[in-house]
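This briefing goes through one protein model, moving from strands to helices and then to single residues. Please keep the sequence and the structure in view while reading.

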Amino acid sequence: MLPGHVQAGPEDTVGEDLRRGVGVTGEAGERRPLGHCDGAHSTVRRLAGISAHRTVHPYDVLSVDARIDAGPQQPWSHWGRDGMVLLLPFGDGRWRLVLYPYRQLATGGTPGAADDTGPAEELLRRITGRDLALGEVEWISHYRCEHRHAARYRHHRVVLAGDAAHVHPPTGGQGLNTGIADAMSLGWRLAAAVADPAHDRLLDAYAEERRRAACRVMRLTGAMLRFNATPALWGHALRVAGLGVARLPPVRRRLAAALAGLPGSGASTGARVRSGARAPDVPLLPTPRSPHRRLFEALRTGHHVHLLPVCGTPDPRAATSALPLLTVRTDAYRQAHVVRPDGHFL
Ligand SMILES: Cc1cc2nc3c(=O)[nH]c(=O)nc-3n(C[C@H](O)[C@H](O)[C@H](O)COP(=O)(O)OP(=O)(O)OC[C@H]3O[C@@H](n4cnc5c(N)ncnc54)[C@H](O)[C@@H]3O)c2cc1C
């Protein structure tokens, strides 16, 4: 969303500003596409008439960021008969406590409105049998887990990104990463489409590619939610077995890549390069025109990067690049490839 275009405020005002500023409802002469990331309750999504499929899960979460002085030294998790607890350190004495009670929360107040740690301490005691005094509280939030997914990410000039397009349970902490990856993928496409409407199809490709990526996140968060929070005895047995399997190095690596939103990342340079896959950070051979020593360094220019092997022929797609192209030399590949500014193969 461009700053200044949409103002927070009463809904009518927002609608009016949208009409004047962004022209969602059709301002004459305004044709440029715009990216919108106005969060889970996106006004833009609603005004653009993009529907969102919503599933609410029967699981509550209570999250607290607080100081814990006499707590564990390491990240800590516990699955009990009454729920699950995660304790994650920020590294400066502050911790995030995440509680999944298996029965609906009865905190008796407005969730997140107060700094009353009583319900969290009580839940912690009930689930773990352990007393932990929470110190200075920064933030408390109590919410019901849900999936919400926009039916499409593009409608004419409106292109959605972040929580405006997809919301999912916090399992795996993937919300922010997924939104940032949307922004990385959308930024250069918008720049190209605004500069030359002939590149408009890049936005359709964004909508398709990022919706597919969000579907993967939806599936993973849903599976992890059920894994974490199924109260039945079989759920507990599955967790004991599953946690054992998750400690195996290959499973751990795959899970880490999936949680980082980078499935298939780390593929060796010998592997077949797949269009749309994340490119690994390969070494480059610096030249007077391109002093960069690594691919990720070259990508910071915001250009498409044409990886040209020492004895190879250029990638024909380099000639039709939508954005400025930076040609670099490498001996990491036998064939030439083009890497998009968002770090994925063209
Ligand atoms: C309780 C909770 C815990 C979370 N924990 C994690 C976690 O541990 N890890 C993780 O990765 N993710 C987490 N998330 C998810 C993460 O916060 C979101 O995925 C992320 O913030 C989405 O970013 P966004 O920019 O798309 O939307 P938002 O962060 O919601 O930003 C939208 C912005 O648009 C503005 N806006 C909205 N409407 C208008 C308007 N009409 N005019 C002008 N401005 C407007 C809002 O003020 C806001 O600044 C959590 C979310 C919640 C609710």
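In this predicted model, strand E2 (residues 52-67) pairs with E6 in the antiparallel sense, and twelve bridges connect the two. The protein as a whole has eight helices and twelve strands, and buried residues account for 30% of its 346 residues. Among contacts between residues at least 6 apart in sequence, 62% join residues that are at least 24 apart.

**Strand E2 and its partners**

- Within the pairing of E2 with E6, the bridge partner of Ala-66 in E6 is Val-137.
- E2 also pairs with strand E5 (residues 94-101), again in the antiparallel sense, and here the pairing extends over six bridges.
- In E5, Arg-94 is the bridge partner of Arg-67.

**The sheet E1-E8-E7**

- Three strands make up an open sheet in the order E1-E8-E7, and the pairing within this sheet is mixed.
- E1 and strand E7 (154-155) stand at the edges and have a single partner strand each, so one side of each is left without a neighbour in the sheet.
- E1 and E8 run parallel and are joined by three bridges, and in this pairing His-36 stands opposite Leu-160 in E8.

**The sheet E11-E10-E12**

- A further open sheet with mixed pairing is formed by three strands in the order E11-E10-E12.
- Its edge strands are E11 and strand E12 (337-339), each of which pairs on one side only, and the twist from one strand to the next averages 30°.
- Strand E10 (residues 304-309) and E11 run parallel, with six bridges joining them.
- Two of the bridge partners in E11 can be named: Leu-325 is the partner of His-304, and Leu-326 is the partner of Val-305.
- These two residues of E11 lie on opposite faces of the strand, since strand E11 (residues 325-330) has a covered face made of Leu-326, Val-328 and Thr-330 and an uncovered face made of Leu-325, Thr-327 and Arg-329.

**Helices H4 and H5**

- Helix H4 (residues 175-195) contains 21 residues and reaches 30 Å from its first C-alpha to its last, which is close to the 30 Å expected at 1.5 Å a residue.
- H4 nevertheless has a kink of about 25°, centred on Leu-186.
- For H5, the 29 residues should span 42 Å at 1.5 Å a residue, and the end C-alpha atoms are 42 Å apart, so the two values agree.
- H4 and H5 pack at an angle of about 175° with their axes 10 Å apart, and because angles over 145 degrees count as roughly antiparallel, H4 is roughly antiparallel to H5.
- On the H4 side, the residues that meet H5 are Thr-178, Ala-181, Asp-182, Ser-185, Leu-186, Arg-189, Ala-192 and Ala-193.
- On the H5 side, the residues met by H4 are Leu-202, Leu-203, Tyr-206, Glu-209, Arg-210, Ala-213, Ala-214 and Val-217.
- The buried residues of H4 include the charged residues Asp-182 and Arg-189, together with Gly-179 and Leu-190, and what covers the buried residues of this helix includes strand E1 (34-36), strand E8 (158-160), strand E9 (166-167) and helix H5 (201-229).
- Buried residues of H5 include Tyr-206, Arg-210, Met-218, Thr-221, Leu-225 and Asn-228.

**Two buried residues in strands**

- His-36 is found in strand E1, and it is buried because 29 other C-beta atoms lie within 10 Å, where 20 or more are needed for a residue to count as buried.
- The C-alpha atoms of His-36 and Ala-165 are separated by 9.1 Å, although these residues are 129 residues apart along the chain.
- Arg-148 lies in strand E6 (residues 137-150), and with 20 C-beta neighbours inside 10 Å, Arg-148 also counts as buried.
- Leaving aside residues up to four places away in sequence, Arg-148 touches Ala-40, Ala-52, Arg-54 and Val-167.
- For one of these, Val-167, the C-alpha atom is separated from that of Arg-148 by 4.9 Å, with the two residues 19 residues apart along the chain.

Note on methods:
Residues are numbered from 1 along each chain as its sequence is written. This is a predicted model: local features need pLDDT of at least 70, side-chain atom pairs count only at pLDDT 80 or more; totals for chains, interfaces and linings use all residues. Helices (H or I, at least four residues) and strands (E, at least two) are DSSP runs, numbered from the N terminus. The expected span of a helix is 1.5 Å times one less than its number of residues. The bend at a residue is the angle between axes fitted to the seven residues ending there and the seven starting there. A residue is buried if 20 or more other C-beta atoms lie within 10 Å of its own, exposed if 12 or fewer, and partly exposed in between; C-beta atoms are placed from the backbone. Two residues are in contact if their C-beta atoms, placed from the backbone, lie within 7 Å. Two strands pair if DSSP finds at least two bridges between them. Axes are lines fitted to C-alpha atoms, for helices over the stretch in contact, and angles run from 0 to 180 degrees between N-to-C directions. Angles under 35 degrees count as roughly parallel, over 145 as roughly antiparallel, 65 to 115 as roughly perpendicular and the rest as oblique.
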